[in-house]
Amino acid sequence: MLLREFVDQDWSQVWPIIEGVIGAQETFTYDPAMTAEQSYGMWVEVAPGRTVVAVDGERVLGTAKMGTNRPGPGAHVSTASFMVAADARGRGVGTALCRDALTWAREQGYAGMQFNAVAESNRSAVELYRREGFAVVGTVPGAFRHPALGRVGLHVMYQEF
């Protein structure tokens with residue numbers, strides 16, 4: 001597996017990953033009715049942000065976007081989001097993407113990384129982030145409407161550098 005910068009030609013493989021993740025409505029707070037065009041504008045970061053893909057040969061296994069969490073007085077904190085193809089989960093793709101984002105954020109001089117909305121029911125992500133040094137700093141009860149579990153909490157997770 002190789003991680004590299006996203007190029008426009010990757011979109012034909014990235015969009016189905018995003019479409020599947022947001023369509024499942026189990027982990028991301030994105031509108032499941034988003035079009036490919038809307039998703040492109042939301043997912044593909046412009047400098048100083050960054051979007052990457054994890055590839056195995058020509059196949060995109062997952063993708064990440066990273067950048068500044070908030071502008072102005074909050075611009076010293078970064079954020080990132082990760083999506084992995086359903087049939088590539090459990091193979092370390094998410095871990096590799098998370099570690100890459102953390103390395104990038106440190107190299108850019110951010111003071112830390114914050115995840116704003118991690119569904120508490122997304123146990124694999126929560127465990128991954130904890131392994132990589134994040135802590136749950138707060139949970140908004142019932143803020144995420146899971147299709148099978150009903151309303152579950154959304155964690156705010158943070159790691160100081």
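The questions and answers below concern a predicted model.

Q: What does the UniProt annotation call residues 1–161?
A: The chain over residues 1–161 is 29% helix and 37% strand, with its end C-alpha atoms 27 Å apart. The UniProt record, an unreviewed entry, covers residues 1–161 with the annotation "domain: N-acetyltransferase".

Q: In what order do the seven strands stand in the open sheet?
A: Strands of a sheet pair through backbone hydrogen bonds, either parallel or antiparallel. In this open sheet the pairing is mixed. The order of the seven strands is E1-E2-E3-E4-E5-E7-E6.

Q: Which strands stand at the edges of the sheet?
A: The order of the open sheet is E1-E2-E3-E4-E5-E7-E6. An edge strand here has a single partner strand, so one side of it is left without a neighbour in the sheet. The strands in that position are E1 (2–5) and E6 (135–146).

Q: By how many degrees are neighbouring strands of this sheet turned against each other on average?
A: The sheet in question is the open one formed by seven strands. With direction ignored, its neighbouring strands are turned against each other by an average of 25°.

Q: Is strand E3 largely enclosed or open, and how many of its ten residues are buried?
A: A residue counts as buried when its relative accessible area is under 20%. Strand E3 spans residues 59–68 and is largely enclosed by the rest of the structure, because the buried residues among its ten number eight.

Q: Which residue in E3 is the bridge partner of valine 55?
A: Strand E2 (residues 50–56) runs antiparallel to E3, and seven bridges join them. The two strands form a hairpin with two residues between them, and glycine 57 in the turn has a positive phi of about 65°. In E3, valine 55 is paired with valine 60.

Q: Which residue in E4 stands opposite alanine 64?
A: E3 also pairs with strand E4 (residues 77–84), in the antiparallel sense and over seven bridges. Across this pairing, the residue opposite alanine 64 is phenylalanine 82.

Q: Is serine 81 buried or exposed?
A: Serine 81 is located in strand E4. Outside its neighbours within four places in sequence, its contacts are Phe28, Tyr30, Trp43, Thr63, Ala64 and Lys65. Its relative accessible area is 16%, and the cut-off is under 20%, so serine 81 is buried.

Q: At what angle do helices H1 and H2 pack?
A: Two packed helices are described by the angle between their axes and the distance between the axes. For H1 (residues 11–24) and H2 (residues 36–43) the axes are 10 Å apart. The helices are roughly perpendicular to each other, and the angle is about 95°.

Q: How many nonpolar residues are in the contact of H1 with H2?
A: From H1, the residues Trp11, Val14, Trp15, Ile18 and Ile22 take part, and from H2 they meet Ala36, Ser39, Tyr40 and Trp43. By class, the contact has no charged residues and one polar residue, while the nonpolar ones number eight.

Q: Which residue in E7 is the bridge partner of glutamine 114?
A: Strand E5 (residues 112–119) and strand E7 (residues 150–160) are antiparallel, with six bridges between them. In E7, the partner of glutamine 114 is tyrosine 158.

Q: Which strands of the sheet does H1 touch?
A: H1 packs on the sheet, and its direction makes about 75° with that of E3. The strands touched by H1 are E2, E3 and E4.

Q: Which residue in E7 stands opposite phenylalanine 144?
A: E6 and E7 run antiparallel and are joined by eight bridges. A hairpin of three residues connects E6 to E7. Opposite phenylalanine 144, in E7, stands valine 152.

Q: Which residue does a cis peptide bond join to alanine 47?
A: Most residues other than glycine have a negative phi, and most peptide bonds are trans. The bond following alanine 47 is cis, with omega at about 15°. The residue joined to alanine 47 by this bond is proline 48.

Q: Is proline 48 buried or exposed?
A: Proline 48 is in the loop between H2 and E2. Its C-alpha atom is 6.8 Å from that of glycine 67, a residue 19 places away along the chain. With a relative accessible area of 59%, proline 48 is exposed.

Q: What is the phi of glutamine 25?
A: Glutamine 25 belongs to the loop between H1 and H2. Its relative accessibility is 35%, so it counts as partly exposed. Although glutamine 25 is not a glycine, its phi is positive, at about 60°.

Definitions and conventions
Residues numbered from 1 in each chain as written. Predicted model: local features only at pLDDT ≥ 70, side-chain atom pairs only at ≥ 80, totals over all residues. Heavy atoms only, no water. Axes fitted to C-alpha atoms, helices over the stretch in contact; angles between N-to-C directions. Helix = DSSP H or I, 4+ residues; strand = E, 2+ residues; numbered from the N terminus. Parallel < 35°, antiparallel > 145°, perpendicular 65-115°, else oblique. Contact = heavy atoms within 4.5 Å. Nonpolar A, V, L, I, M, F, W, Y, C, P; charged D, E, K, R; others polar. Buried < 20%, exposed > 50% of the residue type's maximum accessible area, 1.4 Å probe, protein only. Pairing = 2+ DSSP bridges. UniProt positions renumbered as here; feature names shortened; annotations may be inferred.
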